[in-house]
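Please open the structure in your viewer and keep the selection tool at hand. We will go from stop to stop, and at each one I will suggest what to pick and tell you what is there.

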Amino acid sequence: MENGAAKPVIVAIDGPSGTGKSSTSKAVAAQLGLSYLDTGAQYRAITWWMVTNGIDIDDPHAIAAAAGKPDIVSGTDPANPTIHVDGTDVAAPIRTQEVTSKVSAVSAVPEVRSRITELQRSIAAAAADGIVVEGRDIGTTVLPDADLKIFLTASPEARAARRSGELKGADVNATREALIKRDAADSSRKTSPLAKADDAVEVDTTELTLPQVIECVVTLVEEKRAGK
Ligand SMILES: Nc1ncnc2c1ncn2[C@@H]1O[C@H](COP(=O)(O)OP(=O)(O)OP(=O)(O)O)[C@@H](O)[C@H]1O
Ligand SMILES: Nc1ccn([C@H]2C[C@H](O)[C@@H](COP(=O)(O)O)O2)c(=O)n1
């Protein structure tokens, strides 16, 4: 690089629901001055558009035919990540129970995946200082040449407890069953399922605090940058 500037670093963080991908990725990106991309928010955004426009979620052909229609724009500042569909801020509506229950079906459709994957690659390529991209298939499919790949895991019990804490008063057992069901759907789809890349570093966060996970990932990025 000219003037001794650091080479942009691409970090892929994958893992099942509730393992801490978003919290960790945002904090690592902020600490290291990198961009941040929440790819789950993009799949939620396209699902929100399908629901809002009356597309039959049980009909993969209808989803495929509509996959190219919504304009999805992701803001990549880790201090203020944003998501817009056709100019509308959808940060809140993409987190509803309705969207959460339908996102696995929509994201399993190959036409949806190729559209969103292309968008993700163009965002990563445009990140001048580098980027942390989090999702389910980033290390395996979207950015197979990422400089560093992390795969976060945690027990279903720990993940359900974290989610129930977030959803104030939600039943832990119901939350646990819902996330196990979503993980099973995301792991078993034919096109780029949730999976650990062979060259990913697995970090089990069950017994770690969030600051410990962040520190672990920051250290891994710094070691990678130092060429260790
Ligand atoms: N190591 C940890 N210890 C305790 N709580 C954590 C830890 N990591 C994350 N959390 C909390 O767990 C919740 C889920 O974390 P987060 O949203 O980052 O997970 P995620 O993997 O991105 O989930 P999803 O894929 O469903 O979006 C948040 O409330 C977060 O603060
Ligand atoms: N790279 C990705 C990211 C997300 N998805 C799908 C599957 C998830 O259940 C859903 C929502 O993700 P979350 O917001 O919970 O991280 O989006 C995917 O298929 N590939």
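Helices on this tour are DSSP runs of H or I with at least four residues, numbered from the N terminus. Keep in mind as you go that this is a predicted model.

**Stop 1: a residue in α3**

Start by selecting residues 60-66, which form helix α3, and pick out I63 within them. Is I63 buried or exposed? Its relative accessibility is 0%, and buried means under 20%, so I63 counts as buried. Now show what surrounds I63: apart from neighbours within four places in sequence, it is in contact with M50, I55, D56, I57, V106, V109 and V112. For a distance label, click the C-alpha atoms of I63 and T47; they are 9.2 Å apart, while the two residues are 16 places apart along the chain.

**Stop 2: ligand 2**

Next, select ligand 2 and show the residues around it. The shell has 16 residues, and those that come nearest are R44, R113, D137, R182 and D186. Three atom pairs are worth a distance label here. A side-chain N or O atom of T39 is 3.1 Å from a nitrogen atom of ligand 2. For R113, a side-chain N or O atom is 2.8 Å from an oxygen atom of the ligand. D186 places a polar side-chain atom 2.7 Å from an oxygen atom of ligand 2. How much of ligand 2 does the protein bury? Alone, ligand 2 exposes 450 Å², and the protein buries 97% of that.

Colour the helices to see where this shell comes from. Two or more residues each are given by α2 (39-52), α4 (97-107) and α8 (172-188). The most come from α2, which gives four residues. If you colour by residue class instead, you should find eight charged, five polar and three nonpolar residues around ligand 2.

**Stop 3: ligand 1**

Move the selection to ligand 1. Here 17 residues form the surroundings, and the closest are S17, K21, S22, S23 and R163. Which atoms should you label? Try S23, where a polar side-chain atom lies 2.5 Å from an oxygen atom of ligand 1. Then try R163, with a side-chain N or O atom 2.6 Å from an oxygen atom of the ligand. At T19 the partner is a polar backbone atom, 3.1 Å from an oxygen atom of ligand 1. On its own, ligand 1 has 630 Å² of accessible area, and the protein covers 80% of it. The elements that give two or more residues to this shell are α1 (21-32), α7 (156-166) and α9 (210-225). By class, the shell around ligand 1 divides into seven polar, six charged and four nonpolar residues.

**Stop 4: the annotated stretch**

Stay where you are and select G15, P16, S17, G18, T19, G20, K21, S22 and S23; an unreviewed UniProt entry gives these the feature "binding site". Two of these residues make good close-ups.

Zoom in on S17, in the loop between β1 (9-14) and α1. S17 counts as buried because its relative accessibility is 3%. Its contacts, leaving out residues up to four places away in sequence, are R136, R159, R163, L179, R182 and D183.

Now go to S22, which is in helix α1. With a relative accessibility of 28%, S22 counts as partly exposed. Beyond its neighbours within four places in sequence, S22 is in contact with Y36, D38 and E134.

**Stop 5: T205**

Select T205, in the loop between β8 (201-204) and α9. T205 has 1% relative accessibility and therefore counts as buried. Residues up to four places away aside, T205 touches T19, L152, T153, A154, R162 and V213.

**Stop 6: two positive phi angles**

Finish with the backbone. D86, which is not a glycine, has a positive phi near 50 degrees. You will find D86 in the loop between β4 (82-85) and β5 (88-89), and its relative accessibility of 45% makes it partly exposed.

Then select S192, another non-glycine residue with a positive phi, about 35 degrees. S192 sits in the loop between α8 and β8. Its relative accessible area is 12%, so S192 is buried.

Notes:
Residues numbered from 1 in each chain as written. Chains lettered and ligands numbered in written order. Predicted model: local features only at pLDDT ≥ 70, side-chain atom pairs only at ≥ 80, totals over all residues. Heavy atoms only, no water. Near = heavy atom within 4 Å. Polar contact = N/O pair within 3.5 Å; in protein donor to acceptor, adjacent residues only side chain to side chain. Areas by Shrake-Rupley, 256 points an atom, 1.4 Å probe, with all protein chains shown as cover. Nonpolar A, V, L, I, M, F, W, Y, C, P; charged D, E, K, R; others polar. Buried < 20%, exposed > 50% of the residue type's maximum accessible area, 1.4 Å probe, protein only. Contact = heavy atoms within 4.5 Å. UniProt positions renumbered as here; feature names shortened; annotations may be inferred.
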